[in-house]
Amino acid sequence: MVVRQLTFVVCFWTVCTAGHEFFSSTDQIAQLIEKKKDLLLSFSQYIDAEEKNVEAMKSVYLDLLLSFSDPVDPEEITRDPVAAYKLLRQLRNELINIIKHIQPSFHQCNEYQDELELLEIPQLKDLDGAASGLIRLQEIYKLYPEDLMKEMLLSADEAYHVGLVAYNEDKFQHAFLWFWYSLDKLTEYSTTTEKELLLYVISSAYHFGSLPVAIYFNKQLLNLDPTDYEVRDQLNRLLRFQRKSNPDIFTLNKESRSYEKLCRGELDKRSNQTSKMQRALFCRYSTGGGNPRLMYPPVKEEVEWDEPRIIRYHDIISDREIEILKNISRPLLSRSEVYQDRWDTASQDRVSQRVFLQDNPVATRVSQRIADATGLSMETAESLLVQNYGIGGRFEPHYDALETGVNDRIATFLIYMSDVEIGGATVFPDIGVATRPKKGSAVFWYNLHKNGELDLNTRHAGCPVLVGNKWVANKWIHEFGQEFKRPCSLSEWE
């Protein structure tokens, strides 16, 4: 309304003045009196509209102000995935509400208009991605909706959205459980209706193969409106349908891949080590073979596994260095990609954000420390890669070696820049080993045998974070420059 009134005033004046000579006609001068009268009326209407708009904005502003709290530590809010999902929804709705009220007025002020154009508002795909992350957490850790919501509950509308995402991903059991939960949480303020939910509950149960459950809820739907012939016909079709097996849709299947069991802490072979294997693992202070930079203080080295050899370096990076790297990285983060002939493919197998840090003094200092600890050259190594994992963020089982045939990634140095309360482990499914995040430590392994062949036991994955925040930094070290530091072997066993 405000914009229309203002536009009318400006356009009106432009039409009156364009192409006229007022001094050459007294009639034209006389007409200006009427024009002024019309213009004053428009001006008055514009002022009234602006006053109403300002009152509306004040009301919205006060509501938003009452719901706003400036957290001391923003990461603390997002440590719980359900809380992070709710926060994302809330911020999206509130930002859209603010823009709706201020954008018409800000069009008149270039300074604020620039701010609006730079403001990034979460899109629907962001909410879908967050919901998908919750579902992935359920799959990996075998959780029911209630298990995820121990600290914060979702409303009926929020749960309905998570169910829709699961349904669209053909994960019908999880979809059913979310719709069922949403049914129980419906209130008079919910925008989702009971009929909508029942339709999805029935469809989810049917697609999962649980016919008796689909029939039961179809009868519930018919009770809402016994005259609904479409629902009655659907019920009759379900009653005629015969199915030999009817899996239990209310109980999650505990069968899963070794990768997922490792994420849950169920399959770590180190808990069943033989005494001989335990003797092969040790902790020590290392000077990196007499490196003068490590004479004082030496690095703390722990062998986590013997074959392939996985070494953890403790206190390899300070808290101050971690905070500097995180602060530098935050404004530069973008969606992580996977390598498929080239680095340009976003994938559901890798859900995180990352940035390669170049020409940074802290990253350079950390790279030198890696070189000292491992004894390897950083001459052809990649820049330090800082990553942050989001809701359900993960990296499915993969090899770090790219198998390009030339100057491949010979080794990986993975730095943990945060502790993680639950989840977030780096797991090696083929050897049954999981390394847990410990802030300031790093794990190191060779991706290639000495003969240049891929070590198949180095297939690993990043488990999703169930509670907490996960920051890591990768240093991928390449073959060139290691000729005398890790000599090649002709043996097919090395």
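Here is a short tour of one predicted model, in questions and answers.

Visitor: What should I know about the predicted model before I start?
Guide: Residues are numbered from 1 along each chain as its sequence is written, and side-chain values use heavy atoms, with hydrogens and water left out. In this predicted model, local features need pLDDT of at least 70, side-chain atom pairs count only at pLDDT 80 or more, and totals for chains, interfaces and linings use all residues.

Visitor: What is the mean pLDDT of the chain?
Guide: pLDDT is the predictor's confidence in each residue, from 0 to 100. In this chain, 84% of the residues reach 70 or more. The mean is 86.

Visitor: Over which residues does pLDDT stay under 50?
Guide: Where pLDDT is low, the predicted coordinates should not be read in detail. Contact means heavy atoms within 4.5 Å. The stretch in question has 23 contacts beyond four places in sequence in the model. With pLDDT under 50, it covers residues 1–18.

Visitor: What span should helix 9 have, and what does the model give?
Guide: Helices (H or I, at least four residues) and strands (E, at least two) are DSSP runs, numbered from the N terminus. The expected span of a helix is 1.5 Å times one less than its number of residues. Helix 9 has 14 residues, so it should span 20 Å. Its end C-alpha atoms agree with that, at 20 Å.

Visitor: How many residues of helix 9 are buried?
Guide: Buried means under 20% relative accessible area, exposed over 50%, and partly exposed in between (1.4 Å probe, protein chains only). Among the buried residues of helix 9 are Phe 172, Trp 178 and Leu 183. Their cover includes helix 6, helix 7, helix 8, helix 10 and helix 11. The helix is mostly covered, with the buried count at 11 of 14.

Visitor: Which helices do the buried residues of helix 10 pack against?
Guide: Helix 10 takes in residues 194–208 and reaches 21 Å from its first C-alpha to its last. Its buried residues include Leu 197, Val 201 and Ala 205. They pack against helix 8, helix 9, helix 11 and helix 12.

Visitor: Which residue follows helix 10?
Guide: Helix 10 ends at residue 208. The residue that follows has a positive phi, near 105°. It is Gly 209.

Visitor: Is Thr 192 buried or exposed?
Guide: Thr 192 lies in the loop between helix 9 and helix 10. Its relative accessible area is 7%. Because that is under the 20% limit, Thr 192 is buried.

Visitor: Which side chain makes a polar contact of 2.7 Å with that of Thr 192?
Guide: A polar contact is a pair of N or O atoms within 3.5 Å; within protein, one must be able to donate a hydrogen and the other to accept it, and residues adjacent in sequence count only if both atoms are side-chain atoms. Thr 192 also touches Tyr 160, Leu 186 and Leu 197. The polar partner is Asp 157.

Visitor: Which residues does the disulfide join?
Guide: A disulfide is a pair of cysteine sulfur atoms within 2.5 Å. The structure holds 1. Its sulfur atoms are 2.0 Å apart, and they belong to Cys 263 and Cys 463.

Visitor: How many residues apart are Cys 263 and Cys 463?
Guide: Both are buried. Cys 263 is in helix 13, while Cys 463 is in the loop between strand 16 and strand 17. The pair links distant parts of the chain, and the separation is 200 residues.

Visitor: Is Cys 488 buried or exposed?
Guide: The relative accessibility of Cys 488 is 71%. The limit for exposed is over 50%. Cys 488 therefore counts as exposed.

Visitor: Which strands stand at the edges of the open sheet of order 7-10-16-13-14?
Guide: Two strands pair if DSSP finds at least two bridges between them. The sheet has 5 strands with antiparallel pairing. Each edge strand has a single partner, so one side of each is left without a neighbour in the sheet. The edges are strand 7 and strand 14.

Visitor: Which residue is the bridge partner of His 398 in strand 16?
Guide: Strand 10 and strand 16 pair in the antiparallel sense over 2 bridges. Of the 5 residues of strand 10, 4 are buried. The bridge partner of His 398 is His 460.
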